[in-house]
Every structure is written in structure tokens, then in C-alpha cells.
Amino acid sequence: MWRQQIERRLAQQRQRGLWRQRLALAPLPGQRVDDGRQKLCDFAGNDYLGLARDPRLAEAQAEGARRYGAGGGASHLVSGHLEPHHVLEERLASLTGRPRALLFSTGYMANLGVLQVLGDRDTQVFHDRLNHASLLDGARLGDARSRRFHHRDVDDLTRLLARSRNDAPRLVVSDGVFSMDGDIADIAALVQTSQRFNACLMIDDAHGIGIIGDDGSGCVGPRFGTSQVPILMGTLGKAMGSAGAFVAGDDALVEALIQFARPYIYTTAQPPGVACATLRALDILEKEPEHRQRLQDNIRYWRSSADQLGLPLTPSLTPIQPVLLGNSQRVMQWGHALRDSGFLVGAIREPTVPSGQARLRITLSAAHTHVQIDALLDALARLAITAPFDTEPAS
């Protein structure tokens with residue numbers, strides 16, 4: 001019976017045109033990859049500062065493995081919490097202006113852990129409608145009652161909070177940079193509204209850490225203190241170029257996660273070499289601001305040129321630069337055509353985005369050159385002529 005059920009679901013996935021496939025890629029210099037058939041310029045990944053292939057991170061990871069071993073060998077609470085993990089947590093707390101930080105193996109697990117601990121059945125959780133799936137899943141794991149407010153709409157959040165029970169815990173949760181649209185939450189407004197209703201505020205800054213702010217401390221960082229944004233989650237596998245995630249906050253939050261967060265308690269610690277690579281990335285982040293400057297230059301260059309072509313962009317000033325095509329079939333056609341032209345981009349369809357809002361998710365890196373960006377724009381311009389889009393530009 002179970003086999004018939006999954007075969008039916010698989011058949012439906014194919015019929016709806018939503019079949020997902022993996023690519024086995026080999027990295028090449030110059031923000032390129034080899035898919036076994038041809039060499040592609042990578043505009044699909046989240047390596048925003050170009051650090052994932054920086055030889056200094058690779059050497060730090062190798063040295064960490066030689067010194068501490070290839071793996072943690074146990075959970076943090078048994079014998080897997082090693083010196084580089086401890087040092088990394090202190091550095092991340094300092095970067096974000098929080099008393100403490102706690103490492104998790106992935107951002108998904110960090111969000112599950114926080115919301116499983118805080119989102120019990122008495123808690124009311126208020127999500128931005130475009131929050132990452134891990135935040136929604138975490139609330140379900142904790143058995144919390146969830147409501148979703150309109151995207152970046154503080155008035156709608158205010159309405160929901162005003163109607164909620166004031167004798168029960170309330171938790172407002174939002175992405176910092178939204179992963180499919182690239183826009184940034186209004187952190188100041190969320191802080192003000194949360195405090196007005198005595199609600200706790202959690203920001204998932206997975207796509208902001210490392211690139212937002214003069215110091216790369218993200219959308220929140222020290223600018224908003226622990227009393228304003230008590231719960232801050234960040235990932236290390238995007239701008240930092242390594243892997244893993246962390247939650248930063250005060251002593252009570254971190255101790256609660258250590259004591260009660262199942263995704264933390266029952267998971268082997270990340271390999272110590274990965275922590276060493278992240279420490280090296282933090283050094284680069286601090287001492288070499290030119291990586292962020294190059295990224296911002298690439299974003300400005302892309303948007304100026306794409307606007308001239310009339311591409312339907314979202315109002316994003318981050319490395320995430322969606323091209324809204326609306327129709328899932330059109331998005332897949334454009335994605336395949338771009339791959340044939342030597343470009344790897346994300347073709348995003350429902351259910352990752354709402355129906356009718358399919359898009360090419362183009363991501364920029366400090367490692368991209370203007371020549372590469374121009375070549376991608378030329379390919380998009382050709383597609384716009386031969387297979388035009390039917391949506392109006394968003395910006």
C-alpha cells in the first residue's frame with residue numbers, strides 16, 4: 001500500500017511539471033561549474049562573497065581536520081564540542097552584538113530547534129507570509145498556533161496581534177532577506193510593533209549575514225540590540241562560504257536551546273574543520289571589505305542593465321535578483337535555454353513560490369565579473385525576443 005501511495009505522488013509530481021532533479025557538478029575557477037556536458041557560469045548559488053572556493057578557507061578546513069579529526073564524533077553535549085566550535089560561537093556572538101551564540105549543523109535545524117522550544121501549544125506565532133519553510137515547519141514541530149501576515153505588511157501584523165490573546169506568549173517571526181524575492185524586512189517596524197504588543201521577535205538572517213551592513217553583521221547585527229531582536233538566526237553556508245548555522249541571543253535563550261532543542265541535542269557536532277574554515281571566513285569578512293564592495297557594485301551594474309532591457313525584476317537590492325516570468329512552463333523553458341547557452345540559474349516554481357509567480361532566481365556574487373553579467377543579460381535579451389514574458393516589471 002505504501003509503495004502505491006508514493007508512486008501515485010511521484011506520478012502527480014511529473015504530470016504537474018514540478019519534477020525536481022539534481023546536477024552533479026564539478027567546480028571550476030571563475031565562478032563556473034562543469035555539469036559533465038558543458039561548462040556553465042554559476043548564477044544559481046548563494047556564495048555571495050565568493051569565499052566557498054577561496055583557497056584560504058580550504059586550507060583552514062584541511063588544517064582543522066588534521067588537528068582535530070575529520071568529524072566531531074559525537075553531539076555537542078557528549079564529547080563533540082571542540083575548541084574551534086567554542087571559539088566560533090564567541091566570534092559569532094561578537095559579530096552580531098549578542099551575549100552568546102550557539103552552533104547548529106544547518107539553518108533548517110536551527111529554526112526547527114528555536115521554534116520547537118519556544119513554540120509550544122500555548123504560544124501564538126505570527127509569520128510573514130513569505131517566511132522560509134523551515135520556520136513554518138518549526139512552528140508545527142512545537143505545536144504552536146500560527147498566523148501569517150501579509151508580506152512586509154506591519155499593519156496586517158498589528159491587526160493580528162491586536163486580535164490575539166494578551167495572556168499567552170506571542171512570537172513574531174520574519175526572514176531578514178527573503179530568499180525568493182530578495183527584499184529586506186523592515187526590522188525597525190517589526191521591533192516597534194513587537195514591543196508594542198509585548199511579543200518576542202525572531203529574525204532569520206540567513207541571506208543577510210556577511211553582506212548587509214558596513215561590517216557584514218547582517219540586517220540586525222549590533223544595530224538592533226538583544227532587547228529589540230531577542231532571537232537571531234544566521235547561516236554559514238552562504239556569504240561565509242562554509243557550512244552550518246547559529247542562533248544568537250542572551251544566556252536564557254542559549255541555555256534553553258542547549259537543554260531542550262531536540263535538533264541540537266540529538267545531532268553530531270559539525271566537523272571541526274568546517275568551524276576552522278568559518279573562523280577564517282570571519283577574518284576575511286573583517287579585514288577585506290572589498291568583497292562586499294564588489295558585490296554591491298555587481299548588484300548595481302546588474303540592475304541598471306536589466307532595467308534597460310525591461311526585464312521584470314523585483315525591487316531587490318540584495319544578491320538575490322529574481323526575474324518574474326509567472327508561468328512555470330515558461331520558467332523551465334528559459335532555464336533550459338540558459339543552460340544550453342552556458343548559464344546555471346535557478347528555475348523556481350510552485351510550491352516554493354505561489355502559483356503564477358514562477359521566476360528565474362538569479363544570484364550575484366562578488367566573484368562574478370561584469371563580462372559574465374553582460375553575457376547573461378545578452379542571453380536573457382535573446383530569450384525575451386523569442387519567448388517573451390507576459391508579466392509587468394515589479395520595479
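Helices (H or I, at least four residues) and strands (E, at least two) are DSSP runs here, numbered from the N terminus, and the expected span of a helix is 1.5 Å times one less than its number of residues. What you're looking at is a predicted model, where local features need pLDDT of at least 70, side-chain atom pairs count only at pLDDT 80 or more, and totals for chains, interfaces and linings use all residues. Residues are numbered from 1 along each chain as its sequence is written, and side-chain values use heavy atoms, with hydrogens and water left out.

Let's start with helix 12, residues 290-309. Its 20 residues reach 29 Å from first C-alpha to last, close to the 28 Å expected at 1.5 Å a residue. Right after helix 12 comes Gly310, with a positive phi near 75°. A good part of the helix is buried (under 20% relative accessible area, with exposed over 50% and partly exposed in between, using a 1.4 Å probe and protein chains only): His291, Arg292, Leu295, Asn298, Ile299, Trp302, Arg303, Ser305 and Ala306. An α-helix has 3.6 residues a turn, so residues three or four places apart point the same way. The buried residues of helix 12 pack against helix 2 (55-68), helix 11 (272-287), strand 11 (320-326), strand 14 (358-363) and helix 14 (370-386).

Two of those neighbours go together. Strand 11 and strand 14 run antiparallel and are joined by 6 bridges, with Gln321 standing opposite Ile362 of strand 14. In a regular strand the side chains alternate between the two faces of the sheet. For strand 11, both faces are covered: Ile320, Pro322, Leu324 and Gly326 are buried on one side, and Gln321, Val323 and Leu325 on the other.

Carry on from strand 14 towards helix 14 and you'll meet Ser365 in the loop between them. At 2% relative accessibility, Ser365 counts as buried. Contact means heavy atoms within 4.5 Å; leaving aside neighbours within four places in sequence, Ser365 touches Gln31, Asp47, Tyr48, Leu49, Gly50, Leu295 and Asn298. Leu295 and Asn298 are among the buried residues of helix 12.

Now for the sheets, where two strands pair if DSSP finds at least two bridges between them. An open sheet of 7 strands has the order 4-10-9-8-7-5-6, with mixed pairing. Its edges are strand 4 (100-104) and strand 6 (145-149), each pairing on one side only. From one strand to the next, the twist averages 20°. Inside this sheet, strand 5 (residues 124-128) and strand 7 (residues 170-175) run parallel with 4 bridges, and His127 has Val173 as its bridge partner in strand 7.

Helix 5 (residues 107-118) lies across strand 4, strand 5, strand 7, strand 8 (200-204), strand 9 (231-235) and strand 10 (245-249), at about 160° to strand 9. Axes are lines fitted to C-alpha atoms, for helices over the stretch in contact, and angles run from 0 to 180 degrees between N-to-C directions. Helix 9 (residues 251-260) packs on the sheet too, touching strand 4, strand 9 and strand 10.

How do helix 5 and helix 9 meet? They pack at an angle of about 95°, with their axes 10 Å apart, and are therefore roughly perpendicular (65 to 115 degrees; under 35 is roughly parallel, over 145 roughly antiparallel, the rest oblique). Gly113, Val114, Gln116, Val117 and Leu118 of helix 5 make the contact with Leu253, Ala256, Leu257 and Phe260 of helix 9.
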